[in-house]
Amino acid sequence: MEETNFKKLIQQGIPENLPEPRPLDPSVNRAPHRKQILTAQEEKLALENALRYFPAKWHEELIGEFLTELRTYGRIYMYRFRPTYPIYARSISEYPGKSLQAQAIMLMIHNNLDPQVAQHPEELITYGGNGAVFSNWAQYLLTMKYLSEMEPTQTLVMYSGHPMGLFPSHPDAPRVVVTNGMVIPNYSQADDYERFNALGVSQYGQMTAGSYMYIGPQGIVHGTTITVLNAFRKIGLKPQGNVFVTSGLGGMSGAQPKAGTIAGCITVCAEVNPKITQIRHAQGWIDEIFSDLQELTKRVQKAQHNGEAVSLAYLGNVVEVWEYFKEVGIFIAVGSDQTSLHNPWAGGYYPVSLSFEESNRMMAQDPSAFKAHVQESLRRHARAIASHTSEGTYFFDYGNAFLLEAGRAGADVMASEPTLGREYKYPSYVQDIMGPMCFDYGFGPFRWVCASGSEKDLDKTDALALEVLEQLARQAPSEIAQQMADNIQWIQGAKANRLVVGSKARILYADAQGRIQIAQAFNEAIARGEIGPVVLGRDHHDVSGTDSPYRETSNIYDGSRFTADMAIQNVIGDSFRGATWVSIHNGGGVGWGEVINGGFGMLLDGSKESQRRLESMLFWDVNNGIARRSWARNEGAMDAIKRAMEREPQLRVTLPNRVDPGLLSSL
């Protein structure tokens with residue numbers, strides 16, 4: 001009976017009768033109040049935009065309510081229309097629909113909005129402070145209704161959270177095409193986002209939030225583990241007994257302490273939000289919480305003495321940690337930061353001079369003063385980091401726009417002798433680690449979700465993936481032997497590390513050959529009836545999916561890192577090679593106007609059509625980026641694309657010719 005009622009509510013869309021308002025749940029982690037940016041005329045436009053989702057007979061009752069939301073929260077979320085059923089990733093069979101592909105997308109949307117997964121679920125924000133699936137609950141209700149009605153010959157078109165409608169297409173077309181934040185370039189400043197989002201006409205989809213491919217903190221744990229391991233390898237230290245200091249326990253940053261433990265180091269991760277800190281502790285992603293720096297220091301010293309792998313959360317500002325550890329002589333081997341500095345003025349970064357509560361009030365009521373506090377905090381933050389790096393700490397920017405915003409604030413983070421692509425004194429983790437060690441060779445965050453919701457299916461897919469990786473490792477060239485070994489170790493320990501939050505999902509870093517062979521193994525197992533359907537995807541933070549000059553493409557030095565051809569070509573190519581859904585976003589990771597990124601989802605159902613699609617699309621999805629990196633003269637990518645051409649005769653890529661440095665220096 002409950003399942004039948006759930007299906008009816010999904011199929012209903014906007015309800016026939018106006019639901020009664022319900023109080024907000026005080027236990028839910030709330031999005032910060034956004035600043036009041038609309039003019040009086042724009043306020044009326046925002047109300048008109050919101051009311052168009054509903055019958056005219058409801059407008060008189062709703063208009064005052066929506067105006068209160070707009071003036072209180074800076075947005076119209078339409079809280080009254082929140083579903084009464086719990087939102088989480090059910091088995092694919094529990095969703096109503098005429099298309100299995102559409103049912104898979106509904107499952108993935110629900111995972112992104114699951115309160116155990118999402119950062120601000122009732123504001124429809126999955127992670128990063130403003131990474132939205134939808135802008136309001138009417139959009140959610142309509143989207144789920146459309147998906148439940150979709151035929152295999154239709155495509156749902158999504159404009160920044162708004163379902164424009166179902167359009168005729170064909171079975172090999174994507175079932176959903178998503179765009180998020182795709183504004184005219186001259187209107188891509190931070191205040192433009194605030195205005196457009198408040199008007200209800202655009203949104204910030206982050207990466208996997210607005211593309212329905214988030215799998216909880218596990219999605220970044222593997223990449224962070226690889227990053228931390230290779231950071232220690234880079235400086236010639238073992239992780240055991242050494243300290244890694246960073247900050248943030250949100251949807252993405254919350255992966256850091258778990259990754260540090262898997263890597264084997266002592267992780268100290270600061271977070272100002274008590275609710276999210278308690279959630280991460282309850283989930284087992286952090287081991288212990290401290291609010292006193294002296295007690296934290298004693299625990300760190302004990303862990304150093306015992307060579308422990310342990311994750312310690314400091315409930316407070318990370319600047320205090322950097323400064324106090326300098327004062328008491330704690331050596332930080334590796335340092336980073338993963339506060340949401342893509343969103344610095346609206347809750348992405350909390351200044352050390354203000355409490356959590358004071359910051360939340362000021363960012364809404366006095367945004368100019370709040371910005372001044374943030375920038376002063378960044379300058380102080382950078383000074384504290386420099387006091388450690390001068391004594392041997394290896395610090396890297398973790399792609400959250402820390403260096404970008406610190407530099408804009410006038411902090412001492414610029415290189416004394418800058419070169420093109422190396423303007424800062426500290427490297428991006430992509431420049432030093434992820435780019436040359438992974439992306440250039442085609443390794444990136446491949447992921448899958450067992451749509452049955454079965455733990456047994458996840459165990460089976462883990463075993464199949466491990467078998468494929470072990471076979472590939474025996475034939476792998478020496479330059480990717482370490483990557484293969486790290487992935488094998490990861491998948492062997494994945495279950496024991498308790499990584500699943502939400503859907504039955506897994507991630508590992510694989511190249512095109514690995515992704516294709518793992519997907520083939522899954523599809524064959526589905527055809528044999530050994531497992532249910534599987535959704536494939538990846539983070540946008542990948543070989544080909546993202547053009548981001550201070551992160552994913554920061555190790556491209558031919559001057560093209562500010563171009564976005566790769567990400568646009570990638571989503572177009574994925575869409576006609578077999579993706580079930582595709583997305584392309586402005587913003588993600590480092591901020592609105594700073595990056596273009598895209599992704600895909602693909603449902604495997606055991607059919608020959610799935611086999612054809614996965615072979616075609618996964619090959620392109622990786623090798624597009626390798627070709628671009630090769631053209632930029634990245635050595636690893638040049639080798640990787642040559643191997644790809646040897647395996648696939650129809651692939652012919654333009655290769656660069658090297659220029660004698662002597663010719664250039666003589667000019």
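In the predicted model, strand β8, helix α10 (residues 293-306) and strand β9 together make a β-α-β unit of right-handed sense. The two strands of this unit run parallel and are joined by three bridges. Within this pairing, glutamate 288 of β8 (residues 288-290) stands opposite leucine 312 in β9, while phenylalanine 290 has tyrosine 314 as its bridge partner in β9.

Strand β9 also pairs with β7 (residues 266-271), again in parallel, through six bridges. One of the residue pairs places isoleucine 266 against valine 310, its bridge partner in β9.

These pairings belong to an open sheet of six strands, arranged in the order β8-β9-β7-β6-β10-β11 with parallel pairing. The edges of the sheet are occupied by β8 and β11 (394-395); each has a single partner strand, so one side of each is left without a neighbour in the sheet. Helix α8 (residues 255-263) packs on the sheet, where α8 touches β6 (243-247), β7 and β9. The direction of α8 makes an angle of about 175° with that of β7.

Strand β9 thus lies between β8 and β7 in the strand order, and is also touched by helix α8. Of the six residues of β9 (residues 310-315), five are buried, and the strand is therefore largely enclosed by the rest of the structure; burial here denotes a relative accessible area under 20%.

Notes: Residues are numbered from 1 along each chain as its sequence is written. This is a predicted model: local features need pLDDT of at least 70, side-chain atom pairs count only at pLDDT 80 or more; totals for chains, interfaces and linings use all residues. Side-chain values use heavy atoms; hydrogens and water are left out. Buried means under 20% relative accessible area, exposed over 50%, partly exposed in between (1.4 Å probe, protein chains only). Helices (H or I, at least four residues) and strands (E, at least two) are DSSP runs, numbered from the N terminus. Two strands pair if DSSP finds at least two bridges between them. A crossover is right-handed if, with the strands pointing away from the viewer, the path from the first strand over the helix to the second runs clockwise. Contact means heavy atoms within 4.5 Å. Axes are lines fitted to C-alpha atoms, for helices over the stretch in contact, and angles run from 0 to 180 degrees between N-to-C directions.
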